[in-house]
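User: I'd like to go through this one step by step, since I'm new to reading structures. Could you start wherever you like, and I'll ask as we go?

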Amino acid sequence: MRQLLLLSLLCIFSVHTSFSQADALVHAEQMPYFAGCEEQEEGSLEKRHCSDRLLVNFIAEHLEYPAEARNSGIEGTVLVSFIIDEHGEVQDPGLLRDIGGGCGAAALDVIHLLPPWQPAVDNGSKVKVKLNLPIQFSLKDDYDELSGGYSISWGRLQSKEVNRKTLMDNLDARITVRDPYGNEVPVSELIFSYEKKKKYMERKSGGNITGDMAKVVRKAKRGGQFTITASVQKEGKFLFVNKAFDVID
């Protein structure tokens, strides 16, 4: 049962910059990338999307909803800050906004677990930057601010654990996205990605499963995670809807 929400990662680099420390930038020509996207083209939108998704997945995996907050019905947004230094190390995590019930401490616990990043670059040099990350806690099941309540399905796959053969057998099945009311909506972009031990691979299309995307499935091995991500438009904005599968064989 998923009981947390992450706000759109665009907020990380565009809001709440008035708290910057004297020796850290709040913006650089190339902002830092979360670990695992080294194979993507430097400075590309694909690499930024990769970084955002892996950060979301990491926090979703490690963040726990405090029992005190859950039992008291506490929901809301915690805002944390931290420094990514010239070596990519996470430093000086701090709490800018708390909602009580242990949520602030839970958010900081996750920041302390963050692995080293690819550092920011400005004027050709690696630099120290400050990031601010909003993390929303919600007791509503299966709803994500990134997806706006939309859901994605692929054939008959239901379990979060699959083997490669099952994925391969499903390549001819349709991938559909539905809005919160159950209506099917068109997909603007479809992405298959696979991650294992900080290695990351992805392929995308305009909505159909291509031969290159099938190659991502063939790479899936036990212990990795295969993810389907679809972008849809809502009121002129893009929403990202994803479904992740743990590969078990």
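**Strands, cores and a cavity**

Analyst: Let me start with a strand pairing, where V177 stands opposite V185 in strand 10. V177 also belongs to a nonpolar core that we can come back to. Please keep in mind that this is a predicted model, in which local features need pLDDT of at least 70 and side-chain atom pairs count only at pLDDT 80 or more, while totals for chains, interfaces and linings use all residues. Residues are numbered from 1 along each chain as its sequence is written, and side-chain values use heavy atoms, without hydrogens or water.

User: Okay, and how many bridges join strand 9 to strand 10?

Analyst: Two bridges join strand 9, residues 175–178, to strand 10, and the two run antiparallel. Strands here are DSSP runs of E with at least two residues, helices are runs of H or I with at least four, and both are numbered from the N terminus; two strands pair if DSSP finds at least two bridges between them.

User: Which strands form the open sheet, and in what order?

Analyst: Three strands form that open sheet in the order 7-9-10, with antiparallel pairing. Strand 7 (151–154) and strand 10 (184–185) are at its edges, and each has a single partner strand, so one side of each is left without a neighbour in the sheet.

User: What comes after strand 10, and is S188 there buried, exposed or partly exposed?

Analyst: S188 is in the loop between strand 10 and strand 11, which covers 189–196. S188 counts as partly exposed because its relative accessibility is 30%; buried means under 20% relative accessible area, exposed means over 50%, and partly exposed is in between, using a 1.4 Å probe and protein chains only. The C-alpha atoms of S188 and S205 are separated by 8.7 Å, although these residues are 17 apart along the chain.

User: Which strands does strand 11 pair with?

Analyst: Seven bridges join strand 11 to strand 13, running antiparallel, and seven bridges also join strand 11 to strand 12 (residues 199–205), again antiparallel. As examples, I191 has T229 as its bridge partner in strand 13, whereas S193 has E202 as its partner in strand 12.

User: Changing topic, how many cavities are there?

Analyst: A search of the whole structure finds one cavity of 30 Å³ or more. A cavity is a set of points, on a 1 Å grid over the protein atoms alone, where a 1.4 Å probe fits but cannot get out, and its lining residues have an atom within 4 Å of a point. The points are joined across faces, edges and corners, and the volume is the space filled by probe spheres set on them. For the largest cavity this volume is about 50 Å³.

User: Which residues line that cavity, and which elements supply them?

Analyst: The lining consists of R53, L54, N57, S193, E195, Y200, Q225, T227 and T229. Helix 1 (45–62), strand 11 and strand 13 (225–234) each supply at least two of the lining residues. Both T229 and S193, which we met as bridge partners, are therefore part of the lining as well.

User: And where is the largest nonpolar core built from?

Analyst: Among its 32 residues, V80, F82, L114, W117, I135 and F137 touch the most other members. Helix 1, strand 2 (76–84), helix 3 (103–113) and strand 6 (129–137) each supply at least two residues, and helix 3 gives the largest share, six residues. A second, separate core has 27 residues, including W154, V177, A230 and L239. A nonpolar core is a set of buried Ala, Val, Leu, Ile, Met, Phe, Trp, Tyr and Cys residues joined through side-chain atoms within 4.5 Å.

User: How many aromatic pairs turn up?

Analyst: The search finds eight aromatic pairs. Rings of Phe, Tyr and Trp (its six-membered ring) pair if their centres lie within 6.5 Å; planes under 30 degrees apart count as stacked, over 60 as edge-to-face and the rest as tilted. F82 and W117 form a tilted pair, at 6.0 Å centre to centre and 55° between the planes. F82 is in strand 2 and W117 in the loop between helix 3 and strand 4 (120–122), 35 residues apart. F82 counts as buried at 2% relative accessibility, as does W117 at 6%.

How values were computed
On a 1 Å grid over the protein atoms alone, a cavity is a set of points where a 1.4 Å probe fits but cannot get out, and a pocket is an open set with protein on both sides within 12 Å along at least five of seven lines; lining residues have an atom within 4 Å of a point.
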